[in-house]
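Here are some worked exercises on a two-chain model. Grab your viewer and try each task before reading its solution.

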Amino acid sequence: MMPSMEFLVATGIGWIAACGIWLMLRGRTFPVVLGLTVLGYAVNVFIFAMGRLWSNAPPIVGSGQPIADPLPQALVLTAIVIGFATTGFVIELALRSRYESDTDHVDGEPEDQPGPTT
Amino acid sequence: MMGLLDQLPVMPVLLPSLTAIVLLLIGDHGGGEHNLRKLVLSSHISIVSALIGLVIAIQLMVQASDGDLMVYRMGEWPAPFGIVLVVDRLSAMMLVLTSLVALPVLLYASGGWSGHGRYFHALFQFQLMGLNGAFVTGDLFNLFVFFEVLLIASYVLMMHGLGRERLRVGVHYVVLNLSASALFLIGVALLYALTGTLNMADLALRVPLVTGPDAVVLQVAALLLLVVFGFKAALAPLSVWLPATYAASSAPVAALFAIMTKVGVYAIWRVHGVIFGDTAGASANLVEPLLLPLAVATSVLAVLGALSAQTLPRLVAWLTVASVGTLLIALGLFEAPAWSAAMYYMAHSTLTGAGLFLLIELVAAQRGEVGSRIEPASPVAQPALMGMMLLLAAASSIGLPPLPGFIGKLMLLQASSGHAQVVMVWAAVLLVGFATMLGLARAGSTLFWHVRSDLPSGASGASAPLVAATGALLALSVAMSIFAAPLQRYTQAAAAQLLDRDAYAAAVLGEQGGAAARTTRPYTGDRGTKP
């Protein structure tokens, strides 16, 4: 039996989200930023899939064909734009933090030293 | 053709965004001293805009106090399909509160802080746009967008002035908020998938119709949103980020952030209080068993944090969390009288919290090298003025009569007297008040009495505009207790209006929405073509 499209998409989203969460739990800013981006992809596909999965159905009324739900597609566009802007910001922030503290650790401290006490 | 007054609900969003664009076009002083003219011009424009914003907000509150729901349909699209802005009593009150915090904070920041980094005023206006937008929107996805607007502005504002500590905490703050945004999107997408709408009025009608296994998924979505809003509001156990972040921020930014936690509370109110309230069918009263214990835990943890705080900003930040805890206790009772108390307490705690953040910086600046650490230092330059202001603010946060903190807590205790959890609520509220008093008394006596006169006292007094801005916030808080009776009538009406879901749906959805469209959504299209 062929696995259904829903099963494949759901598994894919789950796998990508798991990778993103794993990367986000790393101690260096670069994997964390990558993790946020990957998680963002998973969320975007998730929103898209929440309009149900269709084939050969354009989101256009009056074409005589079955119509896909256009709203999640509009929502996902907004989410992509916002995700893009925040990713740009967090990369700049990570670079600035690396420059100021001489380490790319998320706590701003090298691992062999005890953490900040404040 | 609509009259100008009909456009009023969109103004709290449009005005700050246009102001911010103008401020960006004017440009920046470049961080140096050579172009102060632009900085002065920017701060004047920013303050005037905030003043107009306050007038608009008050006008909206006056209109809302008649019980009218002002519905603004973007682009004249009918309600469940287009985006609506809705101003009811609670929204109008939050708009006024935002303006009342923003104006003194802007005055304070113009006294020095706004020159310590770039584009302070433009970012401040973007933050106001996000805050106001979150308070007026009637659509969940739109709420997400305004959350992002206010968060992106807050990321940059939080790091205003830079420095190693701000960047270190800033990385945590940004990463945590971005993960919370991902959860927000998942929750919103699930809600849309199961109900076919994100309009708040429409959701309140459609959530009860979801039954069976779908209702479980719907509840998962609602609980995901509770995690997100609880994170913003600093609900335990998601509250530990707040003290580090607020303590690292500059004083005016921390004071503005005092209202940012309230956005989370407001969103819990709208989504979990109203949509998933007692009319939600299979999902009715979803968070009721969770919210009250978590809120009690929030305030208890927060006062313990306040008692162990080593610096003044940490102390005030923990007290902010404690006030959110008290506020969420009132919200968690899920009754109109308790909600009325919560609204009153929210306004008071925001004003007092913002005033305290400004005040402690004034005090710390007069203590030489010790600064904001709670240790004996040289005497402050203006012990009487600073001491009296701190005493006033402290007495109000503790809840001593006749200050508004007392009235708010009294309203809460009265409202909870018939509730099943009355013992827990009373014990938590009274113990938290007592512990707050201990923490503030310890800090106050160290600051003003336990001084080391052997240290040189070279500090000069605070400048008059800074004192005036701080004093204005504290005076507003006192005014709340003078006008307690009309305010209480207003909050009671606001709580009743929140629970009147039918009137809200009728105003927002009008004739086209609701029952007629109920059968077509969630949109399933032609099932036969599904792959």
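**Exercise 1. Find how far apart the centres of domain 2 and domain 3 of chain B are, and what makes up their contact.**

Step 1. Over C-alpha atoms, 24 Å separate the centres of domain 2 and domain 3 of chain B. The bounds, which come from an automatic or database domain assignment, are 1-138 for domain 1, 158-279 for domain 2 and 287-492 for domain 3.

Step 2. Some ground rules: this is a predicted model, where local features need pLDDT of at least 70, side-chain atom pairs count only at pLDDT 80 or more, and totals for chains, interfaces and linings use all residues. Residues are numbered from 1 along each chain as its sequence is written, with chains lettered from A and ligands numbered from 1 in the order in which they are written.

Step 3. Now count contacts (C-beta atoms, placed from the backbone, within 7 Å). Domain 2 of chain B puts in 25 residues and domain 3 of chain B puts in 27 residues.

Step 4. On the domain 2 side, helices H8 (213-233), H9 (241-248) and H10 (251-275) of chain B each give two or more residues; helices here are DSSP runs of H or I with at least four residues, strands are E runs with at least two, and both are numbered from the N terminus. H10(B) gives the most, with 13 residues.

Step 5. By class, that side has 19 nonpolar, five polar and one charged residues. Nonpolar means Ala, Val, Leu, Ile, Met, Phe, Trp, Tyr, Cys and Pro, charged means Asp, Glu, Lys and Arg, and the others, Gly among them, are polar.

**Exercise 2. Work out why H9(B) is largely enclosed.**

Step 1. Six of the eight residues of H9(B) are buried, so the rest of the structure largely encloses this helix. Buried means 20 or more other C-beta atoms within 10 Å of the residue's own, these atoms being placed from the backbone.

Step 2. The buried ones are B:Leu242, B:Pro243, B:Thr245, B:Tyr246, B:Ala247 and B:Ala248.

Step 3. Their cover includes H5, H6, H10, H11 (288-308) and H12 (312-332) of chain B.

**Exercise 3. Describe how chain B meets chain A.**

Step 1. The contact takes 27 residues from chain B and 37 residues from chain A.

Step 2. On chain B's side, H5 (140-158) and H6 (164-195) are the elements giving two or more residues, and H6(B) gives the most, with 16 residues.

Step 3. Chain B's side divides into 18 nonpolar, five polar and four charged residues.

Step 4. For the complex, the predictor reports an ipTM of 0.91 and a pTM of 0.93.

**Exercise 4. Is B:Ala92 buried or exposed, and what does it touch?**

Step 1. B:Ala92 sits in helix H3 (residues 89-110) of chain B. It is buried, because 26 other C-beta atoms lie within 10 Å.

Step 2. Leaving aside neighbours within four places in sequence, B:Ala92 is in contact with B:Ala57, B:Leu60, B:Met61, B:Ala64 and B:Val87.

Step 3. That last partner belongs to strand E2 (residues 84-87) of chain B, where B:Leu85 and B:Val87 point one way, B:Val84 and B:Val86 the other, and all are buried.

**Exercise 5. Decide where chain B calls for caution.**

Step 1. Chain B averages a pLDDT (the predictor's confidence in each residue, from 0 to 100) of 89, and 94% of the residues score at least 70.

Step 2. Over residues 527-531 of chain B the pLDDT is below 50, and beyond near neighbours in sequence this stretch has five contacts in the model.

Step 3. Where pLDDT is low, don't read the predicted coordinates in detail.

Notes. Contact = placed C-beta atoms within 7 Å. Buried ≥ 20, exposed ≤ 12 C-beta atoms within 10 Å, placed from the backbone.
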